[in-house]
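Colleague: Could you take me through one part of this model slowly, the way you'd explain it to someone in their first year? I'd like to see what a single strand does and what goes on around it.

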Amino acid sequence: MRRMTNGIAVVLLLVTTGPASAIDHKNLDEGRPLRLDDAYAISTGEIAVEAGAGFRLIRHGADQGVFPVEVLYGAVPNFQIGVGTTLFTNPHEVDDRPKSGDLHLSALYNLNQETLTLPAFGIKLGLGVPTGIDARGWVVEVKGIVTKSIERVSLHLNAGYEFITNTRDEERDGRYELALGFSYPLGAPQFTRATLVGDVFAEQAGHRGESTTVGTEVGVRFQLTPRLVWDIGVGTEFAGPASRSPFFATTGLSFGF
């Protein structure tokens, strides 16, 4: 925990002293604060550092503290790459993937801009590297992303599938993830610094014979400064296996420079 606190302090120092660059609270990134992505990459040449802290109450099992961190980079127009990891409390009791400390690499490409009739489409590839505690096997994820605006409301559909290697007999070697959500600027057009986000989601269980996890979550992204966005979100998994979470929450900061 002390190392993570020191790392966040260094990031704050870099953001405070670095050159001015804006980060947009209306852009959605997975985990900040919900699982939704939108179809757009960050601006070319922009670097964003995203760090958070949260907890999950577990219906049957030990409760978890969750500490994600990720760095995104706009490599070329409409294309971003990212690298990150997530740390958990009680890491030896994490039964699902990712494990605490697993490295995650990602790449997001925006296929087209939204028009009056056509939504924006994006594709995201992810690679989970087994670098964490009790880790084994690699995870490859392919996700399609659709974003469409109706007046001030933006609708978002994320549909992904994970391919998992080195599984045990009771584990699946692949599983799907779906999320359907929205984002809405609170107080617009007079007030434009806050965005309300929400979704419903379904995730196939990692073990055979277990039911699909279904839940909902809601959150807010708030523009503190042109380079700093604060987020907070809460949610619940109301159907699924015994290990599902009846309540979880997260908060974090995104820094652009």
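**A close look at strand β7**

Modeller: Let's start with one pair: Glu162 stands opposite Arg175, a residue of β8. Keep in mind that this is a predicted model, so treat what follows as a description of a prediction.

Glu162 belongs to strand β7, which covers residues 153-164. This strand has two faces. On the covered face you'll find Ser154, His156, Asn158, Gly160, Glu162 and Ile164. The uncovered face holds Val153, Leu155, Leu157, Ala159, Tyr161 and Phe163. Run your finger along the numbers and you'll see the even ones on the covered face and the odd ones on the uncovered face.

Now for the neighbours. On one side is strand β6 (residues 139-150), which runs antiparallel to β7 and is joined to it by 12 bridges. To find your way in the viewer, pick Ile145 and look for its bridge partner in β7, which is Asn158. The two strands form a hairpin with 2 residues between them. Glu151 sits in that loop between β6 and β7, and it's worth a click: its phi is positive, at about 55°, although it is not a glycine. Glu151 counts as exposed because its relative accessibility is 79%, and the cut-off for exposed is over 50%.

The other neighbour is strand β8 (residues 174-186), again antiparallel, with 10 bridges joining it to β7. Besides the Glu162 and Arg175 pair, you can look up Leu157, whose bridge partner in β8 is Leu180. The loop between β7 and β8 contains Asn166. Asn166 also has a positive phi of about 55° without being a glycine. With a relative accessible area of 51%, Asn166 is exposed.

Stay in that loop for a moment, since Glu171 is there too. Its side chain meets that of Arg97 in a salt bridge, at 3.5 Å from N to O. Arg97 lies in the loop between β3 (79-88) and β4 (103-112), so the pair links parts of the chain that are 74 residues apart. Are these two buried or exposed? Glu171 is buried, with a relative accessible area of 6%. Arg97 counts as buried as well, at 14% relative accessibility; the cut-off for buried is under 20%.

Charge shows up on the surface too. Asp95, Asp169, Glu170 and Glu210 gather there in a patch of negative charge. One of them, Glu210, lies in the loop between β9 (194-203) and β10 (213-225). Glu210 is partly exposed, at 33% relative accessible area.

Let's carry on along the sheet. β8 pairs with β9 in the antiparallel sense, over 10 bridges. A handy place to check this is Leu178, whose bridge partner in β9 is Ala202. In the loop between β8 and β9 you'll meet Pro189. The peptide bond leading from Ala188 to Pro189 is cis, with omega near 5°.

There's another cis peptide bond to look at, between Arg32 and Pro33, where omega is about -5°. Pro33 is found in the loop between α1 and β1, and that loop takes us back to salt bridges. How many are there? The count comes to 14. In one of them, the side chains of Glu217 and Arg35 meet at 2.7 Å, N to O. Glu217 is in strand β10 and Arg35 is in the loop between α1 (2-17) and β1 (47-57), so this pair ties together parts that are 182 residues apart in sequence. Both residues, Glu217 and Arg35, are buried.

The α1 to β1 loop also holds Asp37. Asp37 forms a salt bridge with Lys124, and their closest N and O atoms are 3.0 Å apart. Lys124 comes from strand β5 (residues 120-129), 87 residues away from Asp37, so here too distant parts of the chain are linked. Lys124 and Asp37 are both buried. They also belong to a network of salt bridges that links Glu30, Asp37, Lys124 and Lys143.

Methods
Residues are numbered from 1 along each chain as its sequence is written. This is a predicted model: local features need pLDDT of at least 70, side-chain atom pairs count only at pLDDT 80 or more; totals for chains, interfaces and linings use all residues. Side-chain values use heavy atoms; hydrogens and water are left out. Patches are made of residues with over 30% relative accessible area and no salt bridge: like charges are joined within 9 Å, nonpolar side chains (Val, Leu, Ile, Met, Phe, Trp, Tyr) within 5 Å. Accessible areas come from the Shrake-Rupley method with a 1.4 Å probe; for residues, only the protein chains shown count as cover. A salt bridge is a side-chain nitrogen of Lys or Arg within 4 Å of a carboxyl oxygen of Asp or Glu. Lys and Arg count as positive and Asp and Glu as negative; His and the chain ends are not counted. The place of a charge is taken as NZ of Lys, CZ of Arg, CG of Asp or CD of Glu. Helices (H or I, at least four residues) and strands (E, at least two) are DSSP runs, numbered from the N terminus. Buried means under 20% relative accessible area, exposed over 50%, partly exposed in between (1.4 Å probe, protein chains only). Two strands pair if DSSP finds at least two bridges between them.
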